[in-house]
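Please take a moment to look over the sequence and the model shown here before reading on. The explanation is meant to be followed with the structure open beside the text.

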Amino acid sequence: MLDVIAGAMAAFLIIMVILLPYYDKTSVDAQAQVEALQRTVAGLEDALRSARAEAEAARAQAGETADAAQLHRTIAELQDALRAVQADAALAEATASAARAESAREAQRAEGLARQLARTFLVLYVRWDTLDDVDLHVVDPSGAEFYWDGHKTIRGRPGELSEDSIIGPGNEVWEIRDAPAGEYKIEVKLYGIRDARKPVVVKGRVFHRDGSSVFRDISLTRLGERRRIATIDVDAQGGVSVR
């Protein structure tokens with residue numbers, strides 16, 4: 001019986017050594033390898049206990065016989081096999097630990113990528129149909145204000161303002177990549193009157209990662225009049241809402 005047990009254990013160890021290079025270095029495979037080796041250790045420990053019990057029984061009955069000597073040799077072989085598989089189990093546990101650490105790093109990188117992909121862009125415009133001069137004003141979450149007269153861009157802040165024509169009808173456009181989360185105040189101002197038609201009706205729209213949203217129409221009648229056409233909210237996940 002002991003020869004069968006020892007032979008089976010030896011065959012299992014040989015198979016494990018042959019297959020070891022083909023194991024995927026992932027936390028799941030490494031953990032499965034650890035568990036398999038732990039089961040082998042348990043099996044060898046059981047076989048060793050059985051062999052020792054038989055050796056003690058043989059010694060009690062007949063002293064040091066040939067069978068008892070064979071049992072001692074089997075015990076020694078099982079002890080060697082146990083030490084070897086325990087060393088393999090320790091190595092496998094170290095491999096599993098490294099795989100888990102790598103898996104955690106990959107998860108962290110994936111989370112960072114998800115956060116990056118969650119950020120949105122904003123491209124917004126206003127337009128009007130008279131010859132008047134209408135200025136677009138954008139106040140970003142930091143309080144920085146973009147407008148045509150010298151503030152089309154602001155040092156240290158993302159975003160840029162542009163326009164299609166200097167004398168209307170025309171439009172002004174403001175755009176930003178990777179828009180930070182927060183509130184964006186969108187306002188229009190009647191900067192110069194060049195047309196008798198009043199009021200000036202200003203329309204607008206914002207394009208973002210998930211689609212686009214229309215601004216409410218705003219009417220301007222007086223020189224210097226400034227009104228809010230929209231408030232854009234960007235959340236931490238890059239979602240956009242307009243009010």
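The paragraphs below begin with a sheet, follow its strands from partner to partner, and then turn to two individual residues.

This is a predicted model, and a good place to enter it is an open sheet of 5 strands, which are arranged in the order β3-β2-β6-β10-β11 with antiparallel pairing. At the edges stand β3, residues 145-146, and β11, and each has a single partner strand, so one side of each is left without a neighbour in the sheet. As general background, the strands of a sheet pair through backbone hydrogen bonds, either parallel or antiparallel.

Moving inward from β3, you come to β2, which pairs with β6 in the antiparallel sense over 7 bridges. Within this pair, His137 stands opposite Glu187, a residue of β6. Strand β6, covering residues 182-192, also pairs with β10, covering residues 226-234, again in the antiparallel sense and over 8 bridges. If you stay with Glu187 and look across to β10, you will find that its bridge partner there is Arg228.

The next step leads from β10 to β11, which comprises residues 240-242, and these two strands pair in the antiparallel sense over 3 bridges. Here Asp233 has Ser241 in β11 as its bridge partner. The two strands form a hairpin with 5 residues between them, and in this hairpin Gly238 takes a positive phi near 90°.

Strand β11 also contains Val242, and this residue is worth a closer look. Is Val242 buried, partly exposed or exposed? Its relative accessible area is 28%, and because buried means under 20% and exposed means over 50%, Val242 counts as partly exposed. Leaving aside residues up to four places away in sequence, Val242 touches Val206, Ser213, Phe215, Ala230, Thr231 and Ile232. One of these residues, Ser213, is 29 residues from Val242 along the chain, yet the C-alpha atoms of the two are separated by 7.0 Å.

The last stop is a loop rather than a strand. Thr130 lies in the loop between β1, residues 120-128, and β2, residues 133-139. How does a residue in this loop come to be called buried? The relative accessibility of Thr130 is 7%, and since the limit for a buried residue is under 20%, Thr130 counts as buried. The side chain of Thr130 is also joined to the side chain of Asp132 by a polar contact of 2.8 Å.

Definitions and conventions: Residues are numbered from 1 along each chain as its sequence is written. This is a predicted model: local features need pLDDT of at least 70, side-chain atom pairs count only at pLDDT 80 or more; totals for chains, interfaces and linings use all residues. Side-chain values use heavy atoms; hydrogens and water are left out. Helices (H or I, at least four residues) and strands (E, at least two) are DSSP runs, numbered from the N terminus. Buried means under 20% relative accessible area, exposed over 50%, partly exposed in between (1.4 Å probe, protein chains only). A polar contact is a pair of N or O atoms within 3.5 Å; within protein, one must be able to donate a hydrogen and the other to accept it, and residues adjacent in sequence count only if both atoms are side-chain atoms. Two strands pair if DSSP finds at least two bridges between them. Contact means heavy atoms within 4.5 Å.
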